[in-house]
Amino acid sequence: MDLDVFVAAHQAQWDRLEQLLGRGRRLTGDEADELVALYQRTATHLSLIQSSAPDPQLTGRLTQLVARARSTVTGTRRASWRDAARFFTAGFPAAVYRSRRWWIPTALLSTALGVLIGWWIATHPEVQGAVAAPEHLKELTRPGGEYETYYSSHPAASFAAKVWTNNAQAAAVCLVLGAFLGLPVLWILFLNMANLGVGLGLMASAGRLDVFLGLILPHGLLELTAVFVAAGTGLRLGWTVVDPGPRTRRAALAEQGRAALGMAIGLAVVLFVSGLLEGFVTPSGLPTWARISIGVAAEAAFLTYVFVLGGRAAQAGEVGDVEEADRTATLPTAA
């Protein structure tokens, strides 16, 4: 494409669009129709220039012009309580549901790894000796030891806030670093499962596995599920870099990235609930069966929320992305 000829042919249209935009709301009906038509043409011109003869200066001008025109045509929409309600009743659960083929295998394999590490430590005294000195191991696992008192070592409210912050950061890291082919996510998962496996193995070797499970399950079911969802979403984002499908890599990453951002917000709320359980339920004086029942109920409520509410939203076409009117327009791709 001859860029000079193209500019000469369409310069008048761009100038006219800029003139109409400068008039703000003082447009007649005919002028408003003209603005819409010029906006559509200029958007097409921008796409042609970007694909055939990219010129930084001209691309910058047309990009700004199209953005201004789009804002004028579609109007500026402010976030409302309706958006928040839609996100938590449709967008977030649908996004979790649609990524289930990533986070469910992640959860199963990670749990199996944690149990395997625990079994290895419990059945190999030499490995226990490599973890810590015998005196320290005894202090960790004895009745009233560090594993038992950890959850009551700080005031419940501050402990819950600390746990929520740490877990939310871990989930956010999984979501953000997933774009690096998912490799950092695998490392974070391994560290989490190794920590869990060490606790399982040491307490099992001391004959106190029931105590450990009574402390970890009330909050751990929901907490680990949130981590697995974040990790699975991060891995899915990493795979999008490798295989974007029929879309361009940029469009695919933009869609998955927006869904991941929404996932981070939703999981922060889930981890907040988990933090409350860890701060107030786990160290409470309730019987073990009652504490575990509360954890199981919280986990069941979340899974029902995802597979019932999220499943229905996904079947209705919800993908967990922002509303179509708020997305950047994309060019169609060949099949």
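This report walks through the helices of one protein chain, using a predicted model.

Let's start with the big picture. The chain has 13 helices and zero strands, so if you read along the sequence, you meet α thirteen times in a row, as the definition of helices and strands lets you check. Of its 335 residues, 39% count as buried. Now take the contacts between residues at least 6 apart in sequence: 76% of them join residues at least 24 apart.

**Two helices to check with a ruler**

How far should helix H1 span, at 1.5 Å a residue? With its 20 residues, H1 should span 28 Å, and its end C-alpha atoms are 26 Å apart, which agrees. You can try the sum on helix H5 too, where the expected span also agrees with the distance between the end C-alpha atoms.

| Helix | Residues | Expected span | End C-alpha atoms apart |
|---|---|---|---|
| H1 | 3-22 | 28 Å | 26 Å |
| H5 | 100-122 | 33 Å | 32 Å |

H1 has a bend of about 50° at His 10. His 10 is also one of the buried residues of H1, alongside Leu 3, Phe 6, Trp 14, Leu 17, Leu 20 and Leu 21.

As for H5, its buried residues include Arg 100, Trp 103, Thr 106, Ser 110 and Gly 114. Further along H5, Ile 117, Gly 118 and Ile 121 are buried as well. What covers them? The cover for the buried residues of H5 includes helix H4 (81-98), helix H6 (125-131), H10, H11 and helix H13 (288-315).

**H10 and H11 side by side**

Two of those covering helices, H10 and H11, also pack against each other. H10 takes in residues 183-205 and H11 residues 209-242, and their axes sit 11 Å apart at an angle of about 170°. Because angles over 145 degrees count as roughly antiparallel, H10 is roughly antiparallel to H11.

Which kinds of residues make up this contact? By class, there are 17 nonpolar residues, two polar ones and no charged ones. On the H10 side you'll find, among others, Val 185, Leu 189, Met 193, Leu 200 and Met 203. They belong to a group that meets H11 residues including Phe 212, Ile 216, Leu 224, Phe 228 and Leu 235.

Finally, have a look at Leu 183, which lies in H10. Is Leu 183 buried or exposed? Its relative accessible area is 56%, and exposed means over 50%, so Leu 183 is exposed. The C-alpha atoms of Leu 183 and Gly 234 are separated by 9.5 Å, although these residues are 51 residues apart along the chain.

Terms used:
Residues numbered from 1 in each chain as written. Predicted model: local features only at pLDDT ≥ 70, side-chain atom pairs only at ≥ 80, totals over all residues. Heavy atoms only, no water. Axes fitted to C-alpha atoms, helices over the stretch in contact; angles between N-to-C directions. Helix = DSSP H or I, 4+ residues; strand = E, 2+ residues; numbered from the N terminus. Parallel < 35°, antiparallel > 145°, perpendicular 65-115°, else oblique. Contact = heavy atoms within 4.5 Å. Nonpolar A, V, L, I, M, F, W, Y, C, P; charged D, E, K, R; others polar. Expected span 1.5 Å × (residues − 1). Bend = angle between axes of the 7 residues up to and from the residue. Buried < 20%, exposed > 50% of the residue type's maximum accessible area, 1.4 Å probe, protein only.
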